[in-house]
Amino acid sequence: SKINDTPITGKSMKSLCKGLLTGLLLSSISVCSFAGNEDPLVGKWKTIDDRTGYSRADVEVRKKADGTYEGIIVETRGIPGSEKLLLCTKCPGPLKDRPFLGLPFIWGFKASPGKPNEYVNGKVLDPISGKIYQSKARLNSTGKRLTLRGYIGVSVIGRSITWIKY
């Protein structure tokens with residue numbers, strides 16, 4: 001074989017293969033480093049309704065410039081036996097009658113100091129009832145499940161829902 005009219009010898013082929021392997025190794029290391037620095041809360045999550053067990057929506061969680069997290073509804077689904085909801089008819093104030101798509105669903109969460117994978121001081125909207133609850137959240141050890149606890153007053157009295165990361 002020839003590359004650019006130069007014959008490829010066993011020595012040059014060995015050198016070429018060595019260079020390719022080195023390049024692949026370096027690129028895989030940089031990809032792994034990037035993945036290791038990724039924020040585990042940021043991304044797309046499938047919500048699971050705690051009462052029916054069905055997924056009603058997908059939420060995209062983003063980290064804002066002030067260090068807090070917010071989640072926006074990016075997809076909705078109806079559950080068997082009921083109509084797919086399109087507008088937040090029971091939401092309070094400026095959220096009332098807004099489409100579910102693009103609706104802020106969680107906001108204000110901050111990483112808990114000294115407690116990895118825990119987030120506090122958040123708010124969560126229950127779009128079905130229109131109520132807004134104080135909330136905290138915890139990622140499981142794999143970062144694939146997020147448990148949100150919504151409550152009024154003390155967290156012992158409240159509801160928990162689980163989300164699954166895509």
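# Close-up views of a predicted model

**View 1. Asn121 has its place in strand β7.** The model is predicted, with local features needing pLDDT of at least 70 and side-chain atom pairs counted only at pLDDT 80 or more, while totals for chains, interfaces and linings use all residues. Residues are numbered from 1 along each chain as its sequence is written, and side-chain values use heavy atoms, leaving out hydrogens and water. Phi of Asn121 is near 60°, which is a positive value in a residue other than glycine. Most residues other than glycine have a negative phi. Asn121 counts as exposed, at a relative accessible area of 58% (exposed is over 50%, buried under 20%, partly exposed in between; 1.4 Å probe, protein chains only). Asn117 also has a positive phi, of about 70°, and is not a glycine. Asn117 is found in the loop between β6 (104–111) and β7. With a relative accessible area of 29%, Asn117 is partly exposed.

**View 2. Arg138 of strand β8 makes a polar contact with the side chain of Glu118.** The side chains of Arg138 and Glu118 are joined at 3.0 Å (a polar contact is a pair of N or O atoms within 3.5 Å; within protein, one must be able to donate a hydrogen and the other to accept it, and residues adjacent in sequence count only if both atoms are side-chain atoms). Setting aside neighbours within four places in sequence, Arg138 is in contact with Asn117, Glu118, Arg145, Leu146 and Thr147 (contact means heavy atoms within 4.5 Å). Asn117, from the loop between β6 and β7, is thus named in this view as well as in View 1. The relative accessible area of Arg138 is 48%, so Arg138 is partly exposed. Pro116 is 22 residues away from Arg138 along the chain, and the C-alpha atoms of the two are separated by 8.8 Å.

**View 3. Ser55 links the backbone of Thr47 and the side chain of Arg77 through polar contacts.** A polar atom of the Ser55 side chain lies 3.0 Å from the backbone oxygen of Thr47. The Ser55 side chain also has a polar contact of 2.5 Å with the side chain of Arg77. Ser55 belongs to the loop between β3 and β4 (57–63), whereas Thr47 is found in strand β3. Thr47 has a relative accessible area of 7% and is therefore buried. Ser55 is buried too, at 14% relative accessibility. Not counting residues up to four places away in sequence, Ser55 touches Lys46, Thr47, Ile48 and Arg77. With neighbours within four places left aside, the contacts of Thr47 are Tyr54, Ser55, Arg56, Ala57, Val59, Phe105, Thr162 and Trp163.

**View 4. Cys88 and Cys91 form a disulfide.** The sulfur atoms of the two residues are 1.5 Å apart (a disulfide is a pair of cysteine sulfur atoms within 2.5 Å). By this rule the protein has one disulfide. The torsion about the S-S bond of Cys88 and Cys91 is about 50°, so the disulfide is right-handed. Cys88 is buried, with a relative accessible area of 0%. Cys91 is buried as well, at 3%.

**View 5. The largest pocket holds about 560 Å³ of space.** A pocket is an open set of points on a 1 Å grid over the protein atoms alone where a 1.4 Å probe fits, with protein on both sides within 12 Å along at least five of seven lines; lining residues have an atom within 4 Å of a point. Points are joined across faces, edges and corners, and the volume is the space filled by probe spheres set on them. The largest pocket is lined by 31 residues, and the closest to its centre are Asp49, Phe105, Asp126, Pro127 and Ile128. At least two lining residues come from each of β3 (43–48), β5 (69–76), β7 (118–126), β9 (145–151) and β10 (158–165).

**View 6. The second largest pocket holds about 160 Å³ of space.** Its lining consists of Glu118, Tyr119, Val120, Lys136, Ala137, Arg138, Thr147, Arg149 and Ser160. Glu118 and Arg138, whose side chains make the polar contact of View 2, are both in this lining. Strands β7, β8 (131–139) and β9 each supply at least two of its residues.

**View 7. The protein has one helix and ten strands.** The elements run β-β-α-β-β-β-β-β-β-β-β from the N terminus on (helices are DSSP runs of H or I of at least four residues, strands E runs of at least two, numbered from the N terminus). Of its 166 residues, 30% count as buried. Among contacts between residues at least 6 apart in sequence, 37% join residues at least 24 apart.
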